[in-house]
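Reader: Hi, I have a structure open and would like to talk it through with you. Could you help me read it step by step?

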Amino acid sequence: MEERGGRAGGFRKDTVDRLLRLHFRDGKTRVNADAQLLMAELLKVFVREAAARAARQAQAEDLEKVDTEQLEKVLPQLLLDF
Amino acid sequence: MAAAGEERQMLAQRLKAAVHYTVGCLCEEVAEDKDVQFSKQSIAAISDITFRQCEIFAKDLEMFARHAKRTTVTTEDVKLLARRSNSLLKYITQKSEELASSNMEQKEKKKKKSSTAKGERTPGEQEAAVTENEDSNMA
């Protein structure tokens with residue numbers, strides 16, 4: 001991976017670290033650097049997957065614009081896959 | 001206590017904004033690929049879902065690490081998070097191996113020519129070696 005330290009495909013490493021630490025129950029829990037980069041990658045896949053599935057739904061309905069309605073239809077399966 | 005709660009709220013707002021921005025960029029890429037448009041509401045909804053999903057991810061990762069008697073979340077925990085979908089697990093495992101091997105390269109650069117034979121290991125072995133190192137750091 002070329003973007004070490006900085007942007008790892010969309011999400012910044014630091015943003016990912018803060019996002020995770022916001023929800024940890026134990027203040028001692030840390031995330032190592034590689035895990036931060038891998039989580040940034042996973043979040044990117046999550047977002048692109050959500051967008052791509054909603055786009056496919058819109059196309060199946062012959063729409064040019066994706067709205068929340070299409071997203072709502074693909075959301076249950078998306079959440080089951082993650 | 002109230003001040004700490006307020007600070008946490010402000011941090012959460014900033015993080016939500018950061019997520020929203022990144023989601024916007026990623027949706028634009030998908031929009032170009034698939035030749036569709038995304039409404040503002042749909043982008044906001046994906047951001048919100050992603051932010052909420054982070055809470056589930058974070059709590060799972062913490063549990064996985066604790067289950068392995070660690071306080072530091074490693075790539076192994078992230079791989080466990082991606083276990084539900086086969087293709088996702090394959091993709092994440094491959095990315096994790098790339099990270100591990102680029103770490104090896106960096107270490108090798110530091111050591112210079114001291115160990116040229118090590119460069120010929122398989123990706124799997126490299127990954128295992130890096131994981132061992134990480135674990136020993138934590139003890």
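Author: Let us begin with a term that we will need: contact means heavy atoms within 4.5 Å. With that in hand, and keeping in mind that this is a predicted model, we can say that among contacts in chain B between residues at least 6 apart in sequence, 41% join residues at least 24 apart.

Reader: ok, and what does the secondary structure of chain B come to?

Author: Chain B has five helices and two strands, and read from the N terminus on, its elements follow the order α-β-α-β-α-α-α. Of the 139 residues in chain B, 40% are buried.

Reader: How many residues does each chain bring to the contact?

Author: Chain B brings 59 residues and chain A brings 48 residues. The area buried between the two chains is about 5100 Å², and carbon and sulfur atoms give 70% of it. On the chain B side, Leu26(B), Glu62(B) and Leu99(B) supply 11% of the area that this chain buries against chain A, which is more than any other three residues supply.

Reader: And polar contacts between the chains, how many residue pairs?

Author: There are 18 residue pairs in polar contact between chain B and chain A, counting pairs with both residues at pLDDT 80 or more. As for where the touching side of chain B comes from, the largest share, 17 residues, is given by α2(B). Sorted by class, that side has 29 nonpolar, 16 polar and 14 charged residues.

Reader: Which strands are joined across the chains?

Author: Strand β3 of chain A, residues 30-31, is joined to β2(B) by two bridges, and the two strands run parallel. If you look for Val31(A), you will find that its bridge partner in β2(B) is Val73(B).

Reader: Switching topic, how many salt bridges are there between chain B and chain A?

Author: The count between these chains is two, while over all chains it comes to 14 salt bridges. In one salt bridge between the chains, the side chains of Arg48(A) and Glu29(B) meet at 2.6 Å, N to O. Arg48(A) and Glu29(B) also belong to a network of salt bridges that includes Asp33(B).

Reader: What about Arg53(A), which residue does it form a salt bridge with?

Author: Arg53(A) forms a salt bridge with Glu49(A), and their closest N and O atoms are 2.9 Å apart. Both residues lie in helix α2 of chain A, four residues apart, which is about one turn of the helix.

Reader: why does a spacing of four places suit a pair like that?

Author: An α-helix has 3.6 residues a turn, so residues three or four places apart point the same way.

Reader: Is Arg53(A) buried or exposed?

Author: Arg53(A) counts as buried because its relative accessibility is 15%, and the cut-off for buried is under 20%. Its partner Glu49(A), at 28%, counts as partly exposed.

Reader: Last one: why is helix α1 of chain A called largely enclosed?

Author: Eight of the 11 residues in this helix, residues 13-23, are buried, so the helix is largely enclosed by the rest of the structure. Among the buried ones are Val16(A), Leu19(A), Leu20(A) and His23(A). The buried residues of α1(A) pack against β2, β3 and α2 of chain A, together with α1 and α2 of chain B. The same helix also holds Asp14(A) and Arg18(A), four residues apart, and these two form a salt bridge whose closest N and O atoms are 3.5 Å apart.

Conventions
Residues are numbered from 1 along each chain as its sequence is written. Chains are lettered from A and ligands numbered from 1 in the order in which they are written. Side-chain values use heavy atoms; hydrogens and water are left out. Buried area is the accessible area (1.4 Å probe) that two parts lose on being put together, summed over both. A salt bridge is a side-chain nitrogen of Lys or Arg within 4 Å of a carboxyl oxygen of Asp or Glu. A polar contact is a pair of N or O atoms within 3.5 Å; within protein, one must be able to donate a hydrogen and the other to accept it, and residues adjacent in sequence count only if both atoms are side-chain atoms. Ala, Val, Leu, Ile, Met, Phe, Trp, Tyr, Cys and Pro count as nonpolar, Asp, Glu, Lys and Arg as charged, and the others, Gly among them, as polar. Two strands pair if DSSP finds at least two bridges between them. Buried means under 20% relative accessible area, exposed over 50%, partly exposed in between (1.4 Å probe, protein chains only).
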